[in-house]
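This report walks through a single protein chain. It starts with what is covered, then turns to cores, strands, helices and backbone details.

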Amino acid sequence: MWGFLLCHLVALAGKCPGLNPKKTYEYRYEGMVNIGRGMPNLVESGVRLVCKVKIIGVSAQTFLLRVSNLNFEEFNGIPGKNAFDASPKLTKRIAAELSKPFMFEYAKGRVGDIRTSAEISDTIVNIVRGIIGFFQVTVKTTQRVYELEEFGIHGLCQSTYANEEDANSQELSVTQIVDINNCKKKAAIYRGMALAVDNKLSKERGDSVISTVRYVYTVKPTVDGGLIKKAHALERQHFSPFNVKGGNSKLQATKELVLLSVTDTVVTPAVGPMISRGNLVYKFVKVLAQIPILMKKLDDPVPKIADMIKRLAQANIYQTDSATSEDVVVLFQLLRVTSLENHEVLWKQLSGNDEHRRWLLDTIVEVADARVLKFLKNRFKAGDVSANEAGQTLLIAFNHLAAETDLMEMAKEFLSMPFSKSHPMLWNTVVLSYGSLVYRYCTYEYDRSCPAAVVQPLLDLVIDGLKRNNEFDMVLALKAIGNAGHPSSIKTIRRFLPGVSAAPVTLPARVLSAAVQSLRHLAVRDPHSVQDITVSLFVQRHLPTEIRMLACMILFETKPPLALVSTVTAFLLEEADMHVASFSYSLIGSIAKSSTPDNHFLSTACNVAVKILAPKFGRVSYHYSKAMHLDWFNDDFLIGTATEIFMLKNAASYIPTEIVTKGKFHFIGKILQLVELGFRADGIKELFRQNIQVFNGHLSYADFEAIFKVLQDWKTLPGDKPLLSAYTRIFGQEFFFADLNNDLIQSYNIIPSAGKESPVWSMIENLQKGMSWHWTKPFLMFETRYIQATSLGLPLEISKYYNTVTTITVNAKAAISPPLTDRLGQLLTSDVSLVTDGFAGFSKDQFVFHGINTDIFQCGAELKSKTVVAIPWEFSMKMNVKQKTFEIDLPACKEETKLFSVKFDVYAVSRNIEEPSRAKMTPMMPDSVEIVKFDIYHPQVKVCAEANIYGAVFCVEFEATRSHYIDEYPLYYFLGYTNFACTIQPVQSNKPVDKIHIEMNASLTKYPVSVRHLLDTLQKLPKLCLQNSDGSIRTFVPSCTPPQALNANSEPVFAIKVLAMNGNTKPEGYEVAAFYTPAAQMDNTQLIVSQIGEEANWKLCTDANVDKMHLRWGAECQSYEMSMKTATAHLPGSRPTLKAKIHWKTVPGYMIEVGKSIEKYIPGMAFLLGFYQKHATNAKHEVSASVVAATAGSIATTIKLPDVGNTLTLVINLFFIHSNLF
C-alpha cells in the first residue's frame, strides 16, 4: 500500500513505472546463471535462456504475457575457452509451456496475482516470475536514496534504492539493492538439520552462505508513467562448507530486459481457462521430490523399482558392491514418485524373498511423507512384519518424515495400535520416535509457539505411569518427552521433581534422573524456565547427590549469565557434599577453558568462578564425582568438536551411579550432538551395598576377588530391578535404552551348568551343522537441503547427501570333541574347531551439490566422494580353554585386496531430462588445463611394508591434485581430485607359502626352543671371546649376560608363533615369548621376539618394570641396545617432579639418519611451542626430560638433547592443577 501512495505522489512526474492497457510492449529477455570457483582455467557449468516477451494490455490493471523465440542453452567448460551448447529438445519442451498465455495484475510498480492454465508446471511459472519481477520496482523522485521493505521474488526483504536523473534525456537510473540474507519472509526452505541447534555466536565469526542482489533500471518518463527501457539484474551467492572468507563456490545469475518496441494493441488475444498461481514470491511445490545429484525419467516406476531391488540384493549378496552403492539413491528417487497402491504391489511382489523384503523395508522409509505412514500402518494392522522389522523401519521413517501437521496426526495413531505394544523394544521405539518427530515438527513449523496437542499423548503416558506407580512407564515417557523438547511439557515435568512440584514427590532415583534429563532440549528452547528449575534442585541439599549433579549439568547447558554462575559459586563455597562440590567445580573448570563460540561468554564467567573456588576445591581427589569438557574450534573452517564425560557417584559406594559421555560437532553456525552414551548401575550398587564385605577401593587382588563373589549373587535381586541400564542418543535424540535384569539373564541361561534347555545349546547345535548369516543395510544417513529463490525464478540448492550400504556375511561350521552331552560347561574342557569365511564392510557415498536443481534440468558444482571398507576373512581355528591353547590357519595372500579407500573429486555438472545421454560431469580441474606450473599441487605417494616371509605386502597410496590460491585457504585443500587407499597384495616370498599358522599358548611349563637357544648362545659368547683375546691386545668383550628374568624364578606367561607354512619344508616366521619374574620390591616382565627359520638369529629382548625398560635387539639380542627410565620425586621443601630418560649405546644407521633429519627442525619447533633455548653440556647418547610443578598454577618442562648441546625449557600456566597427580 505504501508503494501505491508513493507512486501516486510522483505520478505527475511520469516516472512511477506503469503500463498502458491499450499498448503492446515487446522486450528482449536474457537470463543466465553460472556456477563454479570463479578462478581462471577451472571448469564451470551454467544455463542461458533467451526469448522475446510481449506484454499486452487487457484492462486497466490486467496484462497478458506471451513468450516467443525461445532458446535454451547449457554450458559446461572453461569460461573464455568453451561456449554454450544449444539444447534443442529441452528448448522445445520449455517453449511449449512458455508460449501459452500468462495473465498478471499490475499497477503503479506492483505485480499482483499471476494466472495461467492448470497444466503449466511450477518450474515454468517460476521462470515467468523471474521475467515479471523486473516490473516490481518503487521509484521515489523526492529522495535520492531510500529504503523500503517490500515483496519480491525472494520474499519480504529490505531494499535500498538510489536514483540518478540524466539531465539531457530526463531518464532516471534506478539502482536497487536487495538484502536477501535477512528477509523477514524469505522464499527459502531448509530440510534435514532440525536436530542441529543454531548458534548465533558462531555465525558472528563467519558464515557459509552469503548472497547479494542488485537491479539497475533505466526509466523513461511518459504520459502513462515511467516506462522501463532497460533493466539488468546481478545476483551472486558465495557458498563454502567452511567459512566463505576462505574460498567458495560462486553462483552468478544475471538477467536483462531490453525494450524493443511499443505499439497500439489491435486485438486482445483470447485465452482459455486460467487458475491463480499466486503472487510474485517464488513458490516451492514438490521441490523436495527432485534429488539434485541425479536426473532420471521416472515414468512407470514399479518395474524399475522391483528390478533395481533384485539387482542390488544380488550384487551385495556376499560382500558390498561399491560399484552399485550409488544406485540406492536412484531407488530412493523412484520410490518417492510411486503411489501407495504401487508400494503395496511391490510389497506383495518382494516380501516373499528375505533379501528383497529387507531392501524394500530399508529404502521405502525415504518416501518421507503420508505414503510411508500408511504403508507402515497397513503392516502393523496385518501383522505381516516382525517386531524387529517394524522397529527398524519405523525408527528411520519417523526420523526422516517430513514434519507436517497432517502427518503428526497420522503418526500419533501408532501410539494406540495394538501391534506397537506387541514387543517391549518395539513399544520403546514407537514412543521415543514419536517424541523425536514432535521435536522436528516444532523446529520447522512453530519453534516456541508449537501447539501443545502434538505432545499431549506423551504427557498422558507419563501421568498414567505416575498414577499406576509404574517405574518403567514413567521413565520411557519422560525420555520421549525429553526427545520432544516441547515448552508446554515443563508443567508436567515439574510434577516429578521434588521441591519444584506443588505436591510432595517420592519417586525412585531412576525416575528423578529421567525427569531432570528430559529438560535437556528445553535448556535451549526455554533457558530461563530450565534455569529456575535446575537451580531450585541444585540448592536442595537433602536431595540425592546424583539429582543435584544432573541439575548442575543441565543448568550449564542453558548457558547461564555471569550473575547466575556467581550465585552457584557462592553456594558451592558452603557445600558439604564433596561429590556435588567436586562435580560442579570440575565442570566449571572445564568450561572455563572452552574455545567454542557457544561458550564464549560462559567460559569468561567460569574463569572468574574457578579463581574463587580453586583455594577450596582445587585439590579434590579423583575418587569423587567428576565432569570433563574438552573442545576446540577453528575460525577458518568454522568447525569444532566437543567431548564431555560425566561420572556421578555418591558417598554410599565406590561404583558410579551414572556415567554419561557426549560428543558434539560444531559447524557453520550449528551444533550437532553426535553420540551420547549413558549407563546406570543401580542393581550392581545394591548388590555391593548388601553383600560386599572387604573392599578398600584400591583395585587390589583382594578387591577383584570380593567383586567376583558379589556378582555371583545377582539372582538375589528382584526380577524387575535392573542390574545395569544403558541408553544411546544420536543427534540429541534417544532412540535406544535397555535394562539388564535378573529375568533377562535367566531367559538366556548362559551359565556353565545350563543344559539343553538353554538357547545357547541350540545355537551350538546349529553351528555344528553349519550356518550362514547375511545382513545388508542401505541407509541414507543424512539428507540436508537448503533451497532459495534466485532472481531468474530458478531454485538455487545447496544439498548434502550421505548414503551407505553395509554388508556382513558369516559362514561357519564348528566341531567339538568330545561332544557336549548335558552341560554347556563341557565346552571349557573340549577341543573346539571352527572353519569360517565371511565379509564385513561398507560403501559410503557422499555428495555436496551447489547449483540449480529443477525437475527438467540441473547445473552446478558437485563434490562426489566414495569411502569403501572391505574386510574379507577365511580361516580355521582350534582352541582348548582348559589347556589355554589357540591356533589359527590363514590362507596365503593370492590376490590384491583393497581394505580401505577414499576417493573424491569436484565436478561441474549439467543434466537435462530430455537428453539424458548429453549429461556432463566434468572434473573442475581437468587434466588438460593449462595453468601456471606453481599453481598446481600434485603429490603422489606410495609406501609399502613387505613381509616376504609371509608372501604379503601392505601398501598405503595417496594421490591428490589441487589448485593453489592462497586467498582461498582452507577451501583449496579439499577441492580437487583425491585418492587414498590401503591394500594387501601378494609378493614374492622367500619360499612358497600355502598358509599362515598362528599359535598361542598361555600354559607354558618350560622355555620355548628359541629362548633356550638364546640362553645357550649368551652363555657361550663370553668364553669364545676370552679364548680369542691376546694379553698384549686390549679386546672389547661384549656384555652377554642373559636377561635377568630368565632364571629359576622366571615364569613363562605365554608364547605366540606366526609361521609361514609350505608342505614339508621348515616353517619360517616369528615367535614371541613373555615371562614374569616376581621380585621382593618390583615385578619384572620380559618379552623376547625371535625369528624362526634356517640360519635365523635375529632377536629382540626387553626387560621392563614399572619405572624402566631395557631394550636389546639384533643377532642374539647383541647388536643394539637402548634403555628408558622414569622417576618421580617429591621431597620436603621441593616441588613435585617427574623425570624421564632415554639412553642408547648403539642403534641402527637408519635411526641415526632419522635423528639427524629431525635435529634441524628442533629449534624452530621449540620456538613455536613456546620453549626457550640455552646451550649446556649434556650427556651424549641420551635425551632427558623433567616436568616440575613450578607453582600452584604452572608447570615447567625441561628437555635436554645430546650432541647439539641444547636445553629447552617451557613454562605452562594452568587454570588449576591437582596435587594428587604427583
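A residue counts as buried when its relative accessible area is under 20%. By that cut-off, ten of the eleven residues of helix α3 (residues 122-132) are buried, so α3 is largely enclosed by the rest of the structure. The buried residues are Thr123, Ile124, Val125, Asn126, Ile127, Val128, Arg129, Gly130, Ile131 and Ile132. The model is a predicted one.

Helix α6 (residues 327-336) is also mostly covered, with nine of its ten residues buried. Those residues are Val328, Val329, Val330, Leu331, Phe332, Gln333, Leu334, Leu335 and Arg336.

**The chain as a whole**

The chain holds 29 helices and 45 strands. Of its 1222 residues, 51% are buried. Among contacts in the chain with a separation of 6 or more, 67% are between residues 24 or more positions apart.

**Nonpolar cores**

In soluble globular proteins, nonpolar side chains tend to be buried together. Here the largest nonpolar core has 138 residues. Within this core, Phe414, Tyr434, Phe496, Phe556 and Phe583 touch the most other members. Helix α12 (residues 424-446) contributes the most to this core, giving ten residues. A second core stands separate from it and has 88 residues. Its members include Tyr29, Leu172, Ala196 and Phe637.

What does Phe583 touch, leaving aside neighbours within four places in sequence? Its contacts are Met549, Cys552, Met553, Ser625, Lys626, Ala627, Phe646, Met647 and Leu648.

Ser584 lies in helix α21 (residues 578-592). Ser584 counts as buried because its relative accessibility is 0%. Not counting residues up to four places away in sequence, Ser584 touches Phe538, Cys552 and Leu572. Cys552 is thus a contact of Phe583 and a contact of Ser584.

Val610 belongs to helix α22 (residues 600-617). With 3% relative accessibility, Val610 counts as buried. Ala592 is 18 residues from Val610 in sequence. In space, the C-alpha atoms of Val610 and Ala592 are 7.6 Å apart.

**A strand with two faces**

In a regular strand the side chains alternate between the two faces of the sheet. Strand β7 (residues 145-152) shows such alternation. Tyr146, Leu148, Glu150 and Gly152 point to one face and are buried. Val145, Glu147, Glu149 and Phe151 point to the other face and are not buried.

β7 pairs with strand β8 (residues 155-165) in the antiparallel sense, over eight bridges. Tyr146 of β7 stands opposite Tyr161 in β8. A hairpin connects β7 to β8 through two residues.

**Two packed helices**

Helix α7 (residues 340-350) packs against helix α9 (residues 370-382) at an angle of about 45 degrees. Their axes are 10 Å apart. The angle makes α7 oblique to α9. α7 passes α9 in a right-handed crossing.

Which residues make the contact? From α7 come Leu340, His343, Glu344 and Trp347. From α9 come Arg371, Lys374, Phe375, Asn378 and Arg379.

**Backbone details**

Two residues have a positive phi although neither is a glycine: Leu638 and Ile668. The table sets out their values and locations.

| Residue | Phi | Loop | Relative accessibility |
|---|---|---|---|
| Leu638 | about 55 degrees | between β17 (626-634) and β18 (639-650) | 0% |
| Ile668 | about 35 degrees | between β19 (653-667) and β20 (670-680) | 11% |

Is Leu638 buried or exposed? At 0% relative accessibility, Leu638 counts as buried. Ile668 is buried as well, because its relative accessible area is 11% and the cut-off for burial is under 20%.

One more backbone feature concerns a proline. A cis peptide bond joins Ser817 and Pro818, with omega at about -5 degrees. Pro818 lies in the loop between β24 (795-817) and β25 (831-853).

Terms used:
Residues are numbered from 1 along each chain as its sequence is written. This is a predicted model: local features need pLDDT of at least 70, side-chain atom pairs count only at pLDDT 80 or more; totals for chains, interfaces and linings use all residues. Side-chain values use heavy atoms; hydrogens and water are left out. A nonpolar core is a set of buried Ala, Val, Leu, Ile, Met, Phe, Trp, Tyr and Cys residues joined through side-chain atoms within 4.5 Å. Buried means under 20% relative accessible area, exposed over 50%, partly exposed in between (1.4 Å probe, protein chains only). Helices (H or I, at least four residues) and strands (E, at least two) are DSSP runs, numbered from the N terminus. Contact means heavy atoms within 4.5 Å. Two strands pair if DSSP finds at least two bridges between them. Axes are lines fitted to C-alpha atoms, for helices over the stretch in contact, and angles run from 0 to 180 degrees between N-to-C directions. Angles under 35 degrees count as roughly parallel, over 145 as roughly antiparallel, 65 to 115 as roughly perpendicular and the rest as oblique. A crossing is left-handed if the near helix is turned anticlockwise from the far one by less than a right angle, and right-handed if clockwise.
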